[in-house]
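User: I would like to learn how to read the enclosed and open spaces in a model, and how to describe a bound ligand with care. Could we work through an example together, beginning with the interior?

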Amino acid sequence: MDVTECRAIVTGAASGLGRACCLGLAEAGAEVVAVDSDRKGLDSLAGDRIFVQEADVTRECEVASAVDAAFARLGRVDVLVNFAGIYRDGLLVKDIGEGDFVSMPLAQWRAVIETDLTGTFLPVRETALRMVRDGVRPGVLITVSSVSRNGNPGQGNYSAAKAGVVAFTRSVALELAPHGIRAAAIAPGFIDTPILSAMDPDRLSAQVDEIPARRLGTPAEIFAGVRFAIECEYFTGRCLEIDGGLSF
Ligand code: NAI
C-alpha cells in the first residue's frame with residue numbers, strides 16, 4: 001500500500017509513539033484520524049491532514065462512534081494503527097517485610113488487560129467490520145505489543161496483555177487474508193516517550209545497559225516499522241521486533 005495515499009486511524013495518538021506516527025503519516029501525505037482519551041493532547045496535534053476524535057479505547061460505544069466518524073471524515077479507512085496503552089507494574093506477590101506480603105490487586109490486572117488487550121480488540125474489530133463491509137482492499141491493521149510479551153518480572157499484567165495482542169493479531173490476519181486485509185504487530189523495546197517517565201530511573205538505566213544497541217529507541221524508529229508494515233504487501237500475521245536487539 002502506498003503510504004502517501006493511505007487514510008488511517010491511529011489510537012493513542014495524543015502522546016509518544018502514536019503522536020509521532022500521526023505526524024509521520026501526515027508528513028508523508030496520508031490523512032489521519034487521531035484517537036485518544038486525552039483531549040488536550042489531541043488538540044495540540046490537529047492539523048491540515050490530522051483530524052482528532054476523542055474516545056476511550058476500552059469503551060465499546062465510543063470506539064464504534066470514533067471509527068464511524070473516521071470513515072465518514074476520510075471517505076474510507078485502509079490503515080489502523082493501535083498505539084493506545086498503559087502499564088501498571090507490580091509483583092504478583094511482594095514481600096513487604098516482617099512476614100507480610102501483598103499481591104497484585106485485581107483492579108491493577110484489569111486496568112492493563114482492559115486498555116492494552118480489549119483496547120486493541122475493539123478498534124480492530126470495529127475497523128475490520130467496516131473494511132470488510134465496504135470492500136476496502138487492501139487494508140492493514142497494525143497492533144502494538146512489546147518486548148515484555150515473553151514475560152518480565154513485575155509486568156505480569158502487561159506481559160499477558162501484550163502476548164495476547166500478538167496471538168489476537170495472528171488470528172485476525174488468518175481470518176481476514178481472504179478479504180485482502182493484513183494484520184501485523186510491532187513489538188518495541190525501550191523507546192524514549194513519556195510512558196517511560198513513570199519508570200524508576202535506576203531500573204531504566206540498568207535496562208539500557210542490557211540493550212545491545214546501548215540506547216533507547218526513538219519514536220521515529222517505530223514509525224519506520226509502521227511504514228514498513230503498511231507498505232509491504234507480503235507482511236502479515238507476524239510481529240516485528242524493533243528493540244535494539246534486546247529480545248531473544
Ligand atoms: P504514551 O504514554 O506516550 O502514549 C500512550 C497514549 O495512549 C496516551 O496518549 C494515552 O492518553 C493513550 N491512552 C491510554 N489509555 C487510553 C484509553 N483507554 N483510550 C484512549 N487512549 C488511551 O506511551 P507510548 O510510549 O507512546 O506507548 C504507545 C504504545 O506502545 C503502548 O501500547 C505501549 O505499551 C507500547 N510500547 C511502548 C514502549 C516504550 O518504550 N515507549 C515499549 C513497548 C511498547
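Analyst: Let us begin with the largest cavity, whose lining is made up of I9, T11, V35, V57, V63, A66, V67, L80 and P123. Please keep in mind throughout that this is a predicted model. A cavity is a space where a 1.4 Å probe fits but cannot get out, and one cavity of 30 Å³ or more is counted here, with a volume of about 60 Å³.

User: Which elements supply at least two residues of the lining of the largest cavity, and what is its make-up by class?

Analyst: β1 (7-11) and α3 (60-74) each contribute at least two residues to the lining of the largest cavity, and α3 gives the most, with three residues. By class, this lining holds eight nonpolar residues, one polar residue and no charged residues.

User: How should I read a pocket, and what volume does the largest pocket have?

Analyst: A pocket, unlike a cavity, is an open set of points with protein on both sides. The largest pocket has a volume of about 1100 Å³, and among the 47 residues that line it, Y87, S146, Y158, K162 and I195 are the closest to its centre. Two or more lining residues come from each of α1, β2 (31-36), α4 (106-134), α5 and α6 (201-209), and the largest share, three residues, is that of α1. The lining of the largest pocket has 20 nonpolar, 20 polar and seven charged residues.

User: Where does the ligand sit, and which residues come nearest to it?

Analyst: The ligand sits in the largest pocket, and in the shell around the ligand two or more residues are given by α1 (16-28) and by α5 (156-176). There are 30 residues around the ligand, of which S15, L17, D36, Y158 and T193 come nearest. By class, the shell has 15 nonpolar, 11 polar and four charged residues.

User: Which polar contacts does the ligand make with D56, F83 and K162?

Analyst: A polar contact is read here as a pair of N or O atoms within 3.5 Å, and it helps to note whether the protein atom belongs to a side chain or to the backbone. In the side chain of D56, an N or O atom is 2.9 Å from a nitrogen atom of the ligand, whereas at F83 a polar backbone atom is 3.0 Å from an oxygen atom of the ligand. K162 places a polar side-chain atom 2.9 Å from an oxygen atom of the ligand. The ligand taken alone exposes 820 Å², and the protein buries 90% of that.

User: What lines the second largest pocket?

Analyst: The second largest pocket holds about 150 Å³ of space, and its lining consists of F121, V124, R125, A128, L129, V132, F168, S171, V172, E175 and L176. α4 and α5 are the elements that give two or more residues to this lining, with the largest share, six residues, coming from α4. Its classes are eight nonpolar, one polar and two charged residues.

User: Which backbone features should I look at in R137, P138 and E98?

Analyst: Most residues other than glycine have a negative phi, and most peptide bonds are trans. Here the peptide bond from R137 to P138 is cis, with omega near -10°, and P138 is found in the loop between α4 and β7 (139-144). E98, although not a glycine, has a positive phi of about 50°, and E98 is placed in the loop between β5 (93-97) and β6 (100-103).

Key: Residues are numbered from 1 along each chain as its sequence is written. This is a predicted model: local features need pLDDT of at least 70, side-chain atom pairs count only at pLDDT 80 or more; totals for chains, interfaces and linings use all residues. Side-chain values use heavy atoms; hydrogens and water are left out. A residue is near a molecule or strand if one of its heavy atoms lies within 4 Å of it. A polar contact is a pair of N or O atoms within 3.5 Å; within protein, one must be able to donate a hydrogen and the other to accept it, and residues adjacent in sequence count only if both atoms are side-chain atoms. Accessible areas come from the Shrake-Rupley method with a 1.4 Å probe; for residues, only the protein chains shown count as cover. On a 1 Å grid over the protein atoms alone, a cavity is a set of points where a 1.4 Å probe fits but cannot get out, and a pocket is an open set with protein on both sides within 12 Å along at least five of seven lines; lining residues have an atom within 4 Å of a point. A molecule sits in a cavity or pocket if more than half of its atoms lie within 2 Å of its grid points. Helices (H or I, at least four residues) and strands (E, at least two) are DSSP runs, numbered from the N terminus. Ala, Val, Leu, Ile, Met, Phe, Trp, Tyr, Cys and Pro count as nonpolar, Asp, Glu, Lys and Arg as charged, and the others, Gly among them, as polar. Grid points are joined across faces, edges and corners, and a volume is the space filled by probe spheres set on the points.
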